[in-house]
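Let's take a walk through this protein together, stopping at charges, covalent links and backbone details along the way. Have the viewer ready and follow along at your own pace.

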Amino acid sequence: MPKLFALALPALLLAQTALADVPLAEVRARPAAGETIYFLLPDRFENGDKSNDRGGLKGDRYKTGFDPASKGFYHGGDLKGLTARLDYLQGLGATAIWVAPVFRNKPVQGGPGLESAGYHGYWVTDFTRVDPHFGTNAEFKALVDAAHARGMKVYMDIIANHTADVIQYKGGQHTYRDKANWPYSRKGGLNGKPINHGFSGDEDSSEANFAKLTDPGAAYEPFVPPAEAHVKVPDWLNDPIFYHNRGDSTFRGENSRFGDFAGLDDLFTEHPRVRAGMIEIYANWIKQFGIDGYRIDTAKHVDPGFWQAFIPAMLDTAKQAEIPNFTIFGEVAHEGSDPGTIARYTRRDGYPAVLDFAFQGGVRAVLGQGKGTEVLADTFDGDVLYQGGEEAALAMPTFLGNHDMGRFSTLLAKDMPGISQAELTQRVELAHVMLLTLRGSPVIYSGDEQGFVGDGNDQDAREDMFASEVASYNDNRLLGTAASTAVANFDPAHPFYKLIANLAQLRKDHPALARGRQVTRTYSEAPGLFSVSRFDPVSGSEYFIAFNTSDKPIATRSVIGASATSLETLYGQCPAQVSAPGSVTVNLPAFGSMVCRVAPSPEITVR
């Protein structure tokens with residue numbers, strides 16, 4: 001590992017330019033498939049500049065948003081801190097960094113007793129500037145340039161569905177009001193006065209139609225508090241006409257698309273001005289900062305027509321900026337291992353990729369819920385549902401847990417009450433082997449490589465990597481270490497860090513594991529063997545990968561390519577020879593795995 005790990009943070013900052021040696025063209029030439037992605041919230045990663053902890057604001061935590069002892073407020077992490085830790089991410093094997101939103105946020109939201117801060121970045125007021133809690137636009141550009149110099153891409157997390165909660169409704173009510181009983185043509189309901197004469201509804205996104213939408217008060221009478229009249233940037237975002245104004249979503253049915261997401265102002269994305277405005281905003285970030293991709297938040301809560309306009313515009317902008325492999329993937333939150341729900345967003349909405357919730361559901365099913373390995377076979381069989389089929393699935397960002405649903409270790413502990421620390425560690429280790437060897441672009445959630453175990457989802461899954469002051473984080477018993485979150489956790493000797501780094505290097509050395517076609521070999525109705533073959537994208541050479549999802553050793557047969565004769569161990573312990581043409585004996589300990597390079601019979605040419 002680089003000696004820089006032992007240096008103090010200021011020394012790390014001074015050392016960054018010495019490692020700038022990877023040509024930018026080389027970084028941009030890499031396709032989306034095969035990247036190893038590290039996801040982090042800047043506020044919870046590293047504090048490189050304590051002077052910006054309060055974002056330039058004065059007062060208590062309800063004014064500044066800063067309270068490092070509360071899990072729902074800013075803790076002080078920033079872009080300088082992230083830049084200072086790029087060596088750590090490079091050592092882990094990350095080739096792309098997905099950064100939670102860095103835009104200026106409303107510092108604090110929520111009624112009395114329910115206040116929390118915008119530390120996570122999803123309550124945007126200014127879409128053109130970095131939040132002062134995180135730093136400056138110049139510091140974000142420095143991060144992008146420093147990452148590129150190390151051969152790492154930078155993906156921005158962005159939002160087009162909503163802004164911060166600024167718009168209020170007269171009367172103080174905010175229960176969702178549907179379009180049937182509160183149509184655009186009447187003010188405040190079916191018995192209200194006629195408004196928006198000639199407006200034919202949100203299905204016609206033409207400028208001519210939306211010119212007739214002049215009153216935003218069909219369901220509620222919205223207003224902006226005078227103190228926040230121009231808080232949003234660009235300024236057009238301050239006009240309620242560009243929002244649905246129908247009240248809070250319950251995330252089901254019609255209101256999933258037209259309702260306010262937990263009170264956040266829901267943009268009228270069918271409106272041509274909103275579409276043009278969002279395209280301009282995010283095209284500028286590409287042109288000004290040279291980023292490599294967008295992860296798009298709350299994708300399923302936006303109308304398909306918006307994405308059908310937005311995504312091509314982003315790809316065209318990137319191409320003009322000489323970023324030929326600009327990556328876009330959407331968040332379509334979904335439970336379960338069936339990919340059908342998320343795949344439709346690649347066909348109807350035009351997403352090149354979506355976060356692979358089906359993969360997450362499948363791995364959780366076989367490692368936490370006692371399901372047979374046929375679940376994984378079914379999940380991968382569904383790759384044909386994505387636009388572009390199995391080839392497109394190679395670029396789907398796969399993951400185990402995240403900042404919303406919770407960490408994988410937490411989910412397993414919930415699925416298996418009373419599980420021992422040792423068995424939980426084994427199951428989480430196996431999950432990471434699956435993540436880094438099966439098809440897709442794996443996403444490591446910040447802290448997983450240090451054995452973090454959260455108390456739940458959302459705020460309970462957003463622990464600090466630097467020394468934390470949050471009591472409910474610091475009492476967690478981490479996996480693979482005697483440390484706690486009360487101290488900084490950037491240990492390259494942690495067993496999970498070493499595991500991920502070794503597997504990431506294996507992916508780099510063997511393109512079959514990063515971008516190779518995958519074929520399911522053997523699976524069962526019960527926990528136990530799941531095996532696949534992956535093939536080098538150039539030579540076609542076969543690699544055999546096998547996992548044991550059960551808590552007992554297995555000795556069983558698996559299908560393998562008929563040309564295979566001998567196997568070379570790359571990870572685990574592979575058999576030296578096949579049992580017969582097309583069959584290999586797999587011996588694996590409980591929760592064991594193997595990655596093998598296959599030698600074919602010299603009489604058979606591999607194609």
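Helices here are DSSP runs of H or I with at least four residues, strands are runs of E with at least two, and both are numbered from the N terminus. With those labels in hand, H271 can be placed in the loop between α8 and α9. Please keep in mind throughout that this is a predicted model.

Let's stay with H271 for a moment. Is H271 buried or exposed? Its relative accessible area is 8%, and because buried means under 20%, H271 counts as buried. If you would like a distance to check in your viewer, try H271 and I167: these residues are 104 positions apart along the chain, and their C-alpha atoms are separated by 18 Å.

The loop that holds H271 has another residue to look at. A262 also has its place in the loop between α8 and α9. In contrast to the buried H271, A262 is exposed, with a relative accessible area of 62%. Its backbone deserves a glance too, as phi of A262 is near 50 degrees, a positive value in a residue other than glycine. For context, most residues other than glycine have a negative phi.

D458 tells a similar backbone story, with a phi near 50 degrees, again positive in a residue other than glycine. You will find D458 in the loop between β14 and α17, the latter spanning residues 471-474. The relative accessible area of D458 is 33%, so this residue is classed as partly exposed.

One more backbone feature is worth a stop. Which form does the peptide bond from V233 to P234 take, cis or trans? That bond is cis, with omega near 0 degrees. Most peptide bonds, by comparison, are trans. P234 sits in the loop between β9 (222-223) and α8 (255-258).

Now let's turn to the charges. The structure holds 33 salt bridges, and a few of them make good landmarks. Start with R85 and E46, whose side chains meet with an N to O distance of 2.8 Å. This pair links distant parts of the chain, 39 residues apart: R85 is in the loop between α4 (79-84) and α5 (86-92), while E46 is in the loop between β1 (37-40) and α3 (61-64). Both R85 and E46 are buried.

A second landmark is the salt bridge between D157 and R295, at 2.9 Å from N to O. Here the partners come from two strands, D157 from β7 (residues 153-158) and R295 from β10 (residues 293-296), and they are 138 residues apart. D157 and R295 are both buried. The pair also belongs to something wider: D157, R295, D297 and E331 are linked in a network of salt bridges.

The third one joins the side chains of R439 and D383, with 2.9 Å from N to O. R439 lies in the loop between α16 (421-437) and β14 (441-445), and D383 lies in the loop between α13 and α14 (389-393), so this salt bridge ties together parts that are 56 residues apart in sequence. Once more, both residues are buried.

Helix α13 leads us to the surface. A negative surface patch is formed by D338, E374, D378, D381, E390 and E525. Which element gives the patch its largest share? Helix α13, covering residues 374-381, does so with 3 residues. E374 lies in this helix, and its relative accessible area of 31% makes it partly exposed. Patch residues need over 30% relative accessible area, so E374 passes that cut-off.

For a covalent link, move along to the disulfide. The structure holds 1 disulfide, which joins C574 to C596 with an S to S distance of 2.1 Å. The torsion about the S-S bond is about -95 degrees, so the disulfide is left-handed. C574 lies in the loop between β19 (564-571) and β20 (583-588), and C596 lies in strand β21 (residues 593-600), so the bond ties together parts that are 22 residues apart in sequence. Both C574 and C596 are buried.

Our last stop is A138, found in helix α6 (residues 137-149). A138 is exposed, with a relative accessible area of 57%. A138 and F289 are 151 residues apart in sequence, and their C-alpha atoms are 9.2 Å apart in space.

How values were computed
Residues numbered from 1 in each chain as written. Predicted model: local features only at pLDDT ≥ 70, side-chain atom pairs only at ≥ 80, totals over all residues. Heavy atoms only, no water. Patch = residues over 30% accessible without salt bridge, like charges linked within 9 Å, V, L, I, M, F, W, Y side chains within 5 Å. Areas by Shrake-Rupley, 256 points an atom, 1.4 Å probe, with all protein chains shown as cover. Salt bridge = Lys/Arg side-chain N within 4 Å of Asp/Glu carboxyl O. Lys, Arg positive; Asp, Glu negative; His and termini not counted. Charge placed at Lys NZ, Arg CZ, Asp CG, Glu CD. Buried < 20%, exposed > 50% of the residue type's maximum accessible area, 1.4 Å probe, protein only. Disulfide = S-S within 2.5 Å.
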